Amino acid sequence: MGVSAGRLLALAALGEARRSGRWVRDALRRLAERSDESPEDRALAWRLAMGATAAKGLLEERLRGLARRAGSIQPQVMDALTLSAFELLYLKTPIPVAVSEGVELVRSAAPRATGFANAILRKLAPLRDEVHAARERMDEDTDTEDDVALVSGLPRWLLGALNRSLPRKDFKALCSCSLEPAPSWEAKVGEGERATVLRSDLAAQAVALLTVPPDGTSRLEMGMGRGTKTLIVAHALAEAGERAELVGVEPDRRRLQLARGAFADLGYDVAAYQVDGRALDEVPELRDRTFDLVFVDVPCSGTGTMRRHPETPWSLSSKSLDSLDPESLVSLQSELLAAASRSVAKGGLLAYSTCSVLERENEGQVERFLASYAGRAFESEDLREAPGYGRLPRDVRAFVDAHRGPRGSFATSPAPGAPDGHFLRFLRRT
Ligand SMILES: C[S@@+](CC[C@H](N)C(=O)[O-])C[C@H]1O[C@@H](n2cnc3c(N)ncnc32)[C@H](O)[C@@H]1O
């Protein structure tokens, strides 16, 4: 019996991601472009490869626990086994089908490991009932830590950090959907014949729209990435027939090139510089000048967008979130926030944003800044005073209002069928 094309595509994507260090979704896109699988096979490949990556650590631990000589499992066999284990535990494929497809998948990678795969997948199969029972206990609110770990596929240390950061209801909602596909949202950008749509989460769009600057003012985006939020801002201004000076900085050359290409294609006037946000003085045009609004979209744990970036949970480390470690992400965020604050004009706004749901990267980070020497020149500003708030489309405004935190910030967290986790808080320079 041959293995299905979708499962083979998923296996090829895991292999390519492992060897090249690429994200699995990029590997899937590249491979799918070069092959002619049916839409159903592509959908299955996507589901399996994203899910197996998101629960990688948990699946590998279970598989190794069942194998007699765990150390000797070849990487390509482990790839095939984790795909099959994900299907066996989390999807609705009948168990005999999932096991036999798994065995064939392993055969395609390493024919001599077929017997081993057969034995291990059969031993794993009863765990599907445990996953179901754990999910039921989560629904009834009688769950244990083990239940949440099994259903979410997330590492224990991260579950602890999420639990400490989120209200219980939000924590459970995030955990119950962490292995589900991310819902998709689109944003229209570009005018006339150049109009196109971008894939952008609704909460990310809300963050961008809240930072649309007033007509005739200036906006700096620190951490501009591929320019998605800048494009949304430029489009909102163009639609309103307004103009503002848009500037962005981004140290990553490839992302900057993509952003510049998109601005050129759509005819948006954005000055984009390749520079570290902490070293704006290196750019003569940015030296000794300020902006009416500085939006700092910092690199973060990505704990709000794990459904889109399944590598996140098992590649993050607690060390990267340690504010006492000068090399950590949290330390970089503090440095970028402090650097961004120096570019805000008197009376202007500083907008700090992440796609994290962790307190120490969000409110904790802003509170630490406010308590610092540089932070003394700033005070909190409610998002309803943000320049973009008044022009939000009605449905986006309702969404923003529903996620307005006690300090006037915008904070969402993933839930089944709901947008990703994003955070935005405004501060005004007094
Ligand atoms: C959350 S992403 C930004 C997404 C982007 N604003 C958008 O809407 O597409 C964070 C960005 O910060 C950039 N970054 C990392 N270190 C930085 C630094 N030292 N200075 C400025 N940007 C940095 C990353 O390369 C990444 O593109």
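**Exercise 1. Which residues touch the most other members in the largest nonpolar core?**

Solution. The model considered here is predicted.
- Step 1: The largest nonpolar core holds 70 residues.
- Step 2: Within this core, the residues that touch the most other members are Leu81, Tyr90 and Leu162.
- Step 3: Helix H5, spanning residues 75-90, gives the most to this core, with ten residues.
- Step 4: Apart from the largest core there is a second, separate core of 42 residues, with Ala244, Ala262, Leu293 and Ala386 among them.

**Exercise 2. Identify the residues in contact with Tyr90, leaving aside its neighbours within four places in sequence.**

Solution. Contact requires heavy atoms within 4.5 Å.
- Step 1: On this basis, Tyr90 is in contact with Leu58, Leu59, Leu150 and Leu179, among others.
- Step 2: The contacts of Tyr90 also include Val131, Val151 and Arg135.

**Exercise 3. Assess how compact the chain is, given its radius of gyration.**

Solution.
- Step 1: The chain is built with 18 helices and ten strands.
- Step 2: Its radius of gyration is 23 Å, close to the 22 Å that the globule rule gives for 430 residues, so the chain is as compact as a globular protein of that length.
- Step 3: Along the principal axes, the C-alpha atoms fill a box of roughly 70 × 50 × 40 Å.
- Step 4: Among contacts with a separation of 6 or more, 71% join residues 24 or more positions apart.

**Exercise 4. Describe burial, surface and charge in the chain.**

Solution.
- Step 1: Buried residues make up 55% of the 430.
- Step 2: The accessible surface comes to about 19,500 Å², and carbon and sulfur atoms account for 49% of this surface.
- Step 3: The chain carries 59 positive and 61 negative charges, whose mean positions lie 4 Å apart.

Conventions: Residues are numbered from 1 along each chain as its sequence is written. This is a predicted model: local features need pLDDT of at least 70, side-chain atom pairs count only at pLDDT 80 or more; totals for chains, interfaces and linings use all residues. Side-chain values use heavy atoms; hydrogens and water are left out. Helices (H or I, at least four residues) and strands (E, at least two) are DSSP runs, numbered from the N terminus. The radius of gyration is taken over C-alpha atoms; the globule rule is 2.2 Å times the number of residues to the power 0.38. Buried means under 20% relative accessible area, exposed over 50%, partly exposed in between (1.4 Å probe, protein chains only). Accessible areas come from the Shrake-Rupley method with a 1.4 Å probe; for residues, only the protein chains shown count as cover. Lys and Arg count as positive and Asp and Glu as negative; His and the chain ends are not counted. The place of a charge is taken as NZ of Lys, CZ of Arg, CG of Asp or CD of Glu. A nonpolar core is a set of buried Ala, Val, Leu, Ile, Met, Phe, Trp, Tyr and Cys residues joined through side-chain atoms within 4.5 Å.
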